[in-house]
Amino acid sequence: MSVTEMFADIQGFLSADQDIREDIRKVVQQLEQAAREILTLLQGVHQPTGFKEIPTKCAKAREMFCTVRTHMADLKTKFPAEQYYRFQEHWRFVLQRLAFLATFVGYLECEALVTREEAAKIIGIEVVREEGFHLGVEDYLAGVLIMASELSRLAVNSVTAGDYSRPLRISNFINELDSGFRLLNLKNDPLRKRYDGLKYDVKKIEEVVYDLSIRGLSKEADNAGDK
């Protein structure tokens, strides 16, 4: 084979690779748009009247995840299954955002942490690497940490809306999350940086709870919960 023929073969490989990447980008853009629409919907819970609409918004978000699952099914067809990690960086960010949205919806519904298996099911992918397109542990944890930041914001807005018991429940939940993350030996730099942000979320929520306490509103919330 001549040098010219060798480079012609290489060009063919590069062109095919570029075509795959372009097909992946198009589907990822659709996933990003779907994620933005779900986030826009869920942002409504931060409004003064949003707490009353949480069940409705969560139900609507669940419906919108149908579009996500459709796009995910399409994405799986755009690259050879054995080359998953070769193209992973194209969808890693949006997958973490979707993991955040899935866990956030789960928390709003039952004030508990959605498991990786449950989050993957909502998104429409697997949890086992050997089964193909999957939600990796690190991507799931990144989504959980984004959710923690969203909950710290929700705690502040709860007080503004006159819901004084919600920040106390959020505080308990975030502290449990923090305790869980402390059990992990995180060596992934991006994930480690996100975890460092959790410390600020814990502090922010503790300040909200402390403010409620000195104003006597935490007792009022406890009494309301007992009734």
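**Salt bridges and helix packing in a predicted model**

Me: What is the relative accessible area of R192?
Reply: R192 counts as partly exposed, a class between buried (under 20% relative accessible area) and exposed (over 50%), with a 1.4 Å probe and protein chains only. The model is predicted, so local features need pLDDT of at least 70 and side-chain atom pairs pLDDT 80 or more, while totals for chains, interfaces and linings use all residues. Residues are numbered from 1 along each chain as its sequence is written, and side-chain values use heavy atoms, without hydrogens and water. The relative accessible area of R192 is 35%.

Me: Which residue forms a salt bridge with R192?
Reply: A salt bridge here is a side-chain nitrogen of Lys or Arg within 4 Å of a carboxyl oxygen of Asp or Glu. For R192 and its partner, the closest N and O atoms are 3.8 Å apart. The two are four residues apart in helix 8 (residues 189–214), about one helical turn. The partner, partly exposed at 27% relative accessible area, is D196.

Me: How many salt bridges does the count come to?
Reply: Side chains of opposite charge can pair when their charged atoms come close. One such bridge joins E89 and R92 at 3.3 Å, N to O; E89 is exposed at 57%, whereas R92 is partly exposed at 24%. The count of salt bridges comes to 16.

Me: How many residues apart in sequence are the parts tied together by E111 and R169?
Reply: The side chains of E111 and R169 meet in a salt bridge at 2.7 Å, N to O. E111 lies in the loop between helix 4 (92–110) and helix 5 (116–123), and R169 lies in helix 7 (residues 166–182). E111 is partly exposed at 30%, and R169 is partly exposed at 32%. The pair therefore ties together parts that are apart in sequence by 58 residues.

Me: Which residues are linked with E111 and R169 in a network of salt bridges?
Reply: The bridge between E111 and R169 is part of a network of salt bridges. The other residues linked in that network are D163 and R166.

Me: Are helix 7 and helix 8 roughly parallel or roughly antiparallel?
Reply: Their axes, lines fitted to C-alpha atoms over the stretch in contact, come within 10 Å and cross at roughly 150°, where angles run from 0 to 180 degrees between N-to-C directions. Angles under 35 degrees count as roughly parallel, over 145 as roughly antiparallel, 65 to 115 as roughly perpendicular and the rest as oblique. Helix 7 and helix 8 are therefore roughly antiparallel.

Me: How many nonpolar residues are in the contact of helix 7 with helix 8?
Reply: Contact means heavy atoms within 4.5 Å. Residues that meet include L168, I174 and F181 in helix 7 and Y195, V202 and L212 in helix 8. Two residues of this contact are polar and three are charged. The nonpolar residues (Ala, Val, Leu, Ile, Met, Phe, Trp, Tyr, Cys and Pro; Asp, Glu, Lys and Arg count as charged, the others, Gly among them, as polar) number 13.

Me: How many helices and strands does the chain have?
Reply: Helices (H or I, at least four residues) and strands (E, at least two) are DSSP runs, numbered from the N terminus. Along the sequence the pattern reads α-α-α-α-α-α-α-α-α. The chain comes to nine helices and zero strands.

Me: Which residues does A102 touch, not counting those up to four places away in sequence?
Reply: A102 sits in helix 4 and is buried at 0% relative accessibility. Buried residues make up 44% of the 227 residues in the chain. A102 touches F65, V114, A119 and I122.
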